[in-house]
Amino acid sequence: MANRGPSYGLSREVQEKIDQKYNAELESRLVEWILAQCGDDLERPEPGKQNFQKWLMSGTILCRLINSLYPSGEEPIKKITESNMVFKQMEKISQFLQAAEEYGVTRGDIFQTVDLWEGKDMAAVQRTLMALGSEALTKDDGQYRGDKDWFHRKAKGHKREFSEEQLRQGRSLIGLQMGSNRGASQSGMVGYGTPRQIMRYDSPRHNGHENNP
């Protein structure tokens, strides 16, 4: 686990609530998927949140994971370098996060680099990986590996295509429904703010007669 000071008081209470959101069952599922997706050369971590964090915190496995979701030669992270330097590891985590968002994971499901590297919110890490798995399963482009029951398939929107003739007919129909302004005039209309003239029923003007002076 990354070196960070112990939590005290309110900070410790907040951390404990965050830790309660971490799901051991999801951890096992995500480990199985990552191993299936990245290949057999990865070493399986021991169960437990801290072991899961240590397994991922260098960023190397995450970069391999996102690359495995693309055809050969189209990987978003071109070079994955092994390094024990902190800034290099955090840089790889950031590269993964950017690539995951470009792949389709929504920004609200993306964890922060410190959530993983410092172990501040491993539940958020799980959420990002679950969202990535669902996105990969939904794309159904042949790059997903593993059990299809591990993730839920997102609903796809159905985009309807219309021909130019259908669009023209639709515009004509809307015009008929809204009425036509052909032959319309402003006769009988008064300007905005102009008081209407009220005439008595028996007035000469109302009966079509007008007294000449």
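A nonpolar core is a set of buried Ala, Val, Leu, Ile, Met, Phe, Trp, Tyr and Cys residues joined through side-chain atoms within 4.5 Å. The exercises below concern a predicted model.

**Exercise 1. The core**

Determine how many residues the largest nonpolar core has, and which helix gives the most to this core.

Solution.
Step 1. The largest nonpolar core has 42 residues, and those with the most contacts inside it are Trp-33, Ile-34, Leu-56 and Leu-129.
Step 2. At least two residues of this core come from each of H2, H3, H4, H5, H6 and H7.
Step 3. H7 gives the most, with nine residues.
Step 4. Leu-129 can be examined in detail. Leaving aside residues up to four places away in sequence, Leu-129 touches Leu-30, Trp-33, Ile-34, Phe-52, Leu-56, Leu-62, Leu-65, Phe-96 and Phe-151.
Step 5. A general principle applies here. In soluble globular proteins, nonpolar side chains tend to be buried together.

**Exercise 2. An enclosed helix**

Explain why helix H4 is described as largely enclosed by the rest of the structure.

Solution.
Step 1. A residue is buried when its relative accessible area is under 20%.
Step 2. In H4, the buried residues are Thr-60, Ile-61, Leu-62, Cys-63, Leu-65, Ile-66 and Asn-67.
Step 3. H4 covers residues 60-67, and seven of its eight residues are buried, so the helix is largely enclosed.
Step 4. The cover over these buried residues includes helices H2 (24-38), H3 (49-56), H5 (86-103), H6 (113-117) and H7 (122-139).

**Exercise 3. The length and ends of H2**

Compare the expected span of H2 with the distance between its end C-alpha atoms, and then describe what is found at its ends.

Solution.
Step 1. The expected span is 1.5 Å times one less than the number of residues.
Step 2. H2 has 15 residues and should therefore span 21 Å; its end C-alpha atoms are 21 Å apart, which agrees.
Step 3. At the N-terminal end, Asn-23 acts as a cap, with a side-chain oxygen 2.8 Å from the backbone nitrogen of Glu-25.
Step 4. Just after H2, Gly-39 takes a positive phi of about 115°.
Step 5. The buried residues of H2 include Leu-30, Trp-33 and Ile-34, and what covers the buried residues of H2 includes H3, H4 and H7.

**Exercise 4. Salt bridges**

State how many salt bridges the structure holds, and describe where the partners of Arg-29, Lys-88 and Glu-135 lie.

Solution.
Step 1. Side chains of opposite charge can pair when their charged atoms come close.
Step 2. The structure holds seven salt bridges.
Step 3. Arg-29 and Glu-25 form one of them, at 4.0 Å from N to O. These two residues are four apart in helix H2, and are therefore separated by about one helical turn. Arg-29 is partly exposed at 24%, whereas Glu-25 is exposed at 56% relative accessibility.
Step 4. Lys-88 pairs with Glu-91, the closest N and O atoms being 4.0 Å apart. Both lie in helix H5, three residues apart, about one turn of the helix.
Step 5. Glu-135 pairs with Lys-154, the closest N and O atoms being 2.6 Å apart. Glu-135 lies in H7 and Lys-154 in the loop between H7 and H8 (164-178), so the pair ties together parts that are 19 residues apart in sequence.
Step 6. Glu-135 is buried, with a relative accessible area of 12%, while Lys-154 is partly exposed at 33% relative accessibility.

Methods:
Residues numbered from 1 in each chain as written. Predicted model: local features only at pLDDT ≥ 70, side-chain atom pairs only at ≥ 80, totals over all residues. Heavy atoms only, no water. Buried < 20%, exposed > 50% of the residue type's maximum accessible area, 1.4 Å probe, protein only. Contact = heavy atoms within 4.5 Å. Polar contact = N/O pair within 3.5 Å; in protein donor to acceptor, adjacent residues only side chain to side chain. Salt bridge = Lys/Arg side-chain N within 4 Å of Asp/Glu carboxyl O.
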